[in-house]
Structure formats: C-alpha cells, structure tokens
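Hi,

Here is the structure I promised to send over. Have a look at it first, and my notes are underneath.

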Amino acid sequence: NQWLFMIPCNVLLSAVSCGAPPVVKNAHMFGNRRPKYPVNSIIRYQCNPGFRQRHLPVVRCQADGQWEKSKVECTDVKARIRIHGRTSGNSSVRGKNK
C-alpha cells in the first residue's frame, strides 16, 4: 500500500516568508516592521527630508524568501548644490590664473 498525502497549496506558500526588509540609506520604510513578511509582500520607502529619490521606492518578497534588491537611492540635495557650486567656483579661479 502506498500512502498519498495531499497538502493544500496555501500551507506550502505560508512556509516561505521573508525576514526584515533591506535597509535603504537615508530612507525609512512605511508601516511597522514585522519579524516575517509573506511572499509577494511589498515594502515602500520614502527618502528622509533633504534627500531626493531616484528609482522605484519599493521591494517585494520573492517566492524563495529573499527580498528583491532595492533600487531606490536617496541623494543629498545639499551635497548636489555644493558640488555644482564648487564646479562653478573652479572655473572662475582658472580664469583669474590666465
């Protein structure tokens, strides 16, 4: 005699989950942190004040229990202004040396 066990699909899916979502530098996630997240859970990030968002601000829990690699970047708005200002200053300094 052979035994055949039937396991419902929802039992198999609930066995896989993701742990803590990835940390994004200069950003915070929406919602409360949980110890585990079900497959297909989506976490949304928002850049901290003074930082500008680049790329999609979400990650998804994949079927293998790993989070997608985060693509969002939060760049410092003030640093970009300083870099731009420094470039302008260098060109005027060069002009004085001629």
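Below is what turned up when I went through it, starting with the overall layout.

Please keep in mind that this is a predicted model. The chain has 98 residues, and 18% of them count as buried. Its secondary structure comes to two helices and seven strands, and the order from the N terminus is α-β-β-β-β-β-β-β-α. The exposed area of the chain is about 8200 Å², with carbon and sulfur atoms supplying 56% of that. If you take the contacts between residues at least 6 apart in sequence, 33% of them join residues at least 24 apart.

Now the cysteines, which you will probably want for the bench. How many disulfides does a search of the whole structure find? There are two, and with the bonded cysteines counted along the chain they follow the pattern 1-3, 2-4. As a reminder, a disulfide is a covalent bond between the sulfur atoms of two cysteines.

One of them joins Cys18 to Cys61, with 2.1 Å from S to S. This link is right-handed, at 95 degrees about the S-S bond. Cys18 sits in strand E1 (residues 17-18), while Cys61 is in the loop between strand E6 (58-60) and strand E7 (73-76), so the bond ties together parts that are 43 residues apart in sequence. Are these two cysteines buried or exposed? Cys18 is buried, at a relative accessible area of 1%, and Cys61 is buried too, at 0%.

The other disulfide joins Cys47 to Cys74, and here the S to S distance is 2.0 Å. This link is left-handed, with -80 degrees about the S-S bond. Cys47 belongs to strand E4 (residues 42-47) and Cys74 to strand E7, so this pair ties together parts that are 27 residues apart in sequence. Cys47 has 11% relative accessibility and counts as buried; Cys74, at 10%, counts as buried as well.

Next, the aromatics. The search of the whole structure gives one aromatic pair, made by Tyr37 and Trp67. The two rings are edge-to-face, 5.4 Å centre to centre with 70 degrees between the planes. Tyr37 is in strand E3 (residues 37-38) and Trp67 is in the loop between E6 and E7, so the pair ties together parts that are 30 residues apart in sequence. Tyr37 is buried at 1% relative accessibility, and Trp67 is buried at 13%.

Trp67 is worth clicking on for its neighbours. Leaving out residues up to four places away in sequence, Trp67 touches a list of residues that includes Cys18 and Cys61, the two cysteines joined by the right-handed disulfide. Among the others that Trp67 touches are Gly19, Ala20, Pro21 and Pro22, along with Tyr37, Ile43 and Val59.

Finally, the largest nonpolar core. It has 13 residues, and those touching the most other members are Val24, Met29, Tyr37, Ile43, Tyr45, Val59 and Trp67. Both partners of the aromatic pair, Tyr37 and Trp67, are therefore in that set. Which elements give two or more residues to this core? They are strand E2 (27-29) and E4, and E4 gives the most, with three residues. E4 is also the strand that holds Cys47.

Best wishes

Terms used
Residues numbered from 1 in each chain as written. Predicted model: local features only at pLDDT ≥ 70, side-chain atom pairs only at ≥ 80, totals over all residues. Heavy atoms only, no water. Disulfide = S-S within 2.5 Å. Helix = DSSP H or I, 4+ residues; strand = E, 2+ residues; numbered from the N terminus. Buried < 20%, exposed > 50% of the residue type's maximum accessible area, 1.4 Å probe, protein only. Phe/Tyr/Trp six-rings, centres within 6.5 Å; stacked < 30°, edge-to-face > 60°. Contact = heavy atoms within 4.5 Å. Areas by Shrake-Rupley, 256 points an atom, 1.4 Å probe, with all protein chains shown as cover. Core = buried A, V, L, I, M, F, W, Y, C linked by side-chain atoms within 4.5 Å.
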